[in-house]
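Please open the model in your viewer and keep the sequence panel beside it, since this tour moves by selection from one region to another.

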Amino acid sequence: MNRGDAFWLLVHTAFGERENGAGESDGDVLALPLSADQFADVSTLVPATCEPYLVMDRFCLALPWNNDHLRQETLNGFFRWLGRDYERFIEVPRNIENIAVLVELLGLTPPAVIADFGCGSGLAYSICSMVGYSIVGIDTCPVMRELASARGMRTFSPVDFSTTDIVLDGVISSYVLHFGLEELSVSLCWSRLRRGGVFVANVHKAQGLERALAQFTHLKGRVLSVGLRAGMERHGIYLQVEKL
Ligand SMILES: C[S@@+](CC[C@H](N)C(=O)[O-])C[C@H]1O[C@@H](n2cnc3c(N)ncnc32)[C@H](O)[C@@H]1O
């Protein structure tokens, strides 16, 4: 089935088995196709310990409330399953506009070294490299890393990145923190940021803002600003956090 023709519920296999060959399975997640009517009432299909999380207009992720590890595995499974179709389901110009705002908020001068945390398919690569920044991509999803590498971006998993000797002047993160990530990968990226370096991100619809702020507090980051940007409200709340 073409993914664009259906609505989908993605559930971690910890919450159920694939029945009668229904849906698709990719490692940790089951992808169950739904009709438009089922999708309109999708919260009734989500396990009680999960929140229904709607993305890209046709996917509902069942994200566990109280289990960060399973939550992250569900996200990883979703992006691996979506893989090469990713850019078909986003508005590419919208993400590019947001990335440009994030780079501006960093306020760095080329040839600064920037990481794109949750780089996805590498849309930030040309924006940053064209003006002379050195940019690396960090992403948990191997399929996304492959797409970004094909654009020319040097990419790493969060764990591999933490073992490099790359020192970052700044980090951008576009349309990532609203998913409510496991803290580990944020902290691995943060560990390579120099003192005085800034992590900037948008938090779409302000979802997951409290979680993100708690994580940066835990990492002893100093919050420089949290708020909307005039004319850029559709991207959500912008966050700037400095490493002390
Ligand atoms: C909506 S996409 C955004 C991609 C890109 N930044 C953009 O604006 O097009 C979210 C990305 O975050 C990645 N991601 C999810 N959890 C992550 C984590 N814990 N650490 C790093 N990347 C993660 C996903 O694999 C996916 O590529």
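Of the 22 residues around the ligand, which come nearest? Select the ligand in this predicted model, and then pick out G118, G120, C141, S174 and S185, which come nearest among the residues that surround the ligand. If you extend the selection to the whole shell and colour it by class, you will find 13 nonpolar residues, seven polar ones and two that are charged. Helix α2, residues 68-82, supplies three residues, the largest share of that shell.

Next, colour the protein chain by its domain assignment, which gives domain 1 as 3-89 and domain 2 as 92-243. Each of these two domains contributes at least three residues to the shell around the ligand. The centres of domain 1 and domain 2, taken over C-alpha atoms, are separated by 25 Å, and 13 residues of domain 1 are in contact with twelve residues of domain 2.

Stay on the side of domain 1 that touches domain 2, where α2 and α3 (86-89) are the elements that give two or more residues. The largest share there, eight residues, comes from α2, and by class this side divides into four nonpolar, four polar and five charged residues.

Finally, select helix α8, residues 183-190, in which S185, V186, C189 and W190 are buried. These four lie on the same side of α8, because they cover an arc of only 140 degrees around the axis. S185, one of the buried residues of this helix, is also among those that come nearest to the ligand.

Note on methods: Residues numbered from 1 in each chain as written. Predicted model: local features only at pLDDT ≥ 70, side-chain atom pairs only at ≥ 80, totals over all residues. Buried ≥ 20, exposed ≤ 12 C-beta atoms within 10 Å, placed from the backbone. Arc of directions from axis to C-beta. Near = placed C-beta within 6 Å. Nonpolar A, V, L, I, M, F, W, Y, C, P; charged D, E, K, R; others polar. Domains from an automatic or database assignment. Contact = placed C-beta atoms within 7 Å.
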